[in-house]
Amino acid sequence: MKKVLFSALVVLLATVMLVSCGKAGNSSAPSKTDLSNVSVDSLKTMGDIIALNIEEKQTAAYKGYYVYAFNLNDTYYRAISTISKDTFDKILDLDASDKKYDEQLNAIIAPIKIEKMENLTENIPSQDELDKYIGKTCGELLDSGWSDSGYNLNDQEFWMDYECYNYTVVFDGTVEPEDTEDFDAYEKAKDLKVKSIKYNSIGDATYMEIEETEETEEAE
């Protein structure tokens with residue numbers, strides 16, 4: 001079975017880095033201070049997460065999967081579940097401009113059972129793991145799945161995403177800014193080698209490489 005990333009099929013329901021677009025749940029849900037007593041092991045459904053009213057979150061629907069990433073007590077987790085084509089289509093049919101969008105979405109996803117819970121904080125690559133990229137070029141990083149997310153040419157820092165995380169990369173060389181509409185700092189840096197790299201923050205926490213199975217193919 002081959003691994004494929006359904007990037008073209010994913011419906012991103014929260015696009016900024018773990019920042020909620022609105023609160024979900026009801027007025028009886030625990031307050032922020034109450035969350036210190038919440039164990040991630042107690043979360044069995046997507047509805048259990050919704051009821052916590054967590055503000056820092058990202059959610060996404062893939063064909064065949066639903067992903068809910070959130071920050072609980074300064075630790076980032078990601079809940080993953082399989083969903084049917086019918087559930088995916090229902091999410092896709094929602095109107096994001098509708099004032100009741102969150103309520104409608106929560107009604108659909110709340111019953112979904114959590115099948116896998118990942119600790120994203122625990123899985124942040126160590127500095128030793130990151131140092132293996134020293135000496136690779138910017139072009140090699142981009143060709144192997146890294147993506148650009150911004151830069152500061154005053155400090156010659158480049159921010160790059162890889163899988164669920166964002167990194168600060170410094171190259172051995174200098175990229176000079178140009179006052180042109182088509183200026184591409186990463187294209188200018190493509191032949192420069194990585195001098196240093198360090199973890200910066202959680203990036204796209206809903207990023208997934210999905211193993212293609214018969215069930216996944218049917219969902220398409």
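In this predicted model, Cys138 has a relative accessible area of 0% and is therefore buried, and Cys164, at a relative accessible area of 5%, is buried as well. Both values fall under the 20% limit that defines a buried residue. A search of the whole structure for disulfides returns zero, so no pair of cysteine sulfur atoms lies within 2.5 Å.

The aromatic side chains offer a good place to continue, since the structure holds twelve aromatic pairs. One of them joins Tyr151 and Phe183, whose ring centres are 6.5 Å apart and whose planes stand at 80°, so that this pair is classed as edge-to-face. The two partners come from distant parts of the chain, for Tyr151 belongs to strand β7 (residues 147-152), while Phe183 sits in the loop between β9 (165-171) and α6 (185-188), 32 residues apart. Their surroundings can be described by accessibility: Tyr151 is partly exposed, with a relative accessible area of 34%, whereas Phe183 is buried, with a relative accessible area of 16%.

Tyr151 also pairs with Tyr186, and here the ring centres are 6.1 Å apart and the planes are at 70°, an angle over the 60 degrees that edge-to-face requires, so this pair too is edge-to-face. Because Tyr151 lies in strand β7 and Tyr186 in helix α6, the contact ties together parts of the chain that are 35 residues apart in sequence. Tyr186 itself is buried, its relative accessible area being 4%. Elsewhere in the aromatic inventory, Tyr133, Trp146, Tyr162, Tyr165, Tyr167 and Tyr199 form one aromatic cluster.

Turning to charged side chains, a search of the whole structure finds six salt bridges. In one of these the side chains of Lys90 and Asp86 meet, with an N to O distance of 3.4 Å. Both residues are in helix α2 (residues 85-93), and because they are four residues apart there, about one helical turn separates them. Lys90 counts as partly exposed at 44% relative accessibility, and Asp86 is likewise partly exposed, with a relative accessible area of 45%.

Another salt bridge is formed by Glu187 and Lys190, where the closest N and O atoms are 3.0 Å apart. Glu187 is partly exposed, with a relative accessible area of 44%, and Lys190 is also partly exposed, with a relative accessible area of 37%. Apart from such individual contacts, salt bridges that share partners join Arg78, Lys116 and Glu118 into one network. Within this network, Glu118 forms a salt bridge with Lys116, the closest N and O atoms being 3.2 Å apart; Glu118 counts as buried at 15% relative accessibility, while Lys116, at 47%, counts as partly exposed.

These residues lead on to the largest pocket, in which about 360 Å³ of space lies. This pocket is lined by 17 residues, and those closest to its centre are Arg78, Ile80, Lys116, Glu118 and Glu209, a list that includes Arg78, Lys116 and Glu118, the members of the salt-bridge network. By character, the lining divides into seven nonpolar, three polar and seven charged residues. Strands β5 (75-82) and β6 (116-119) each supply at least two residues of the lining, and β5 gives the most, with four residues.

Definitions and conventions. Residues numbered from 1 in each chain as written. Heavy atoms only, no water. Buried < 20%, exposed > 50% of the residue type's maximum accessible area, 1.4 Å probe, protein only. 1 Å grid on protein atoms, 1.4 Å probe; cavity = no way out; pocket = protein on both sides within 12 Å on 5 of 7 lines; lining within 4 Å. Points joined across faces, edges and corners; volume = space filled by probe spheres on them. Nonpolar A, V, L, I, M, F, W, Y, C, P; charged D, E, K, R; others polar. Phe/Tyr/Trp six-rings, centres within 6.5 Å; stacked < 30°, edge-to-face > 60°. Salt bridge = Lys/Arg side-chain N within 4 Å of Asp/Glu carboxyl O.
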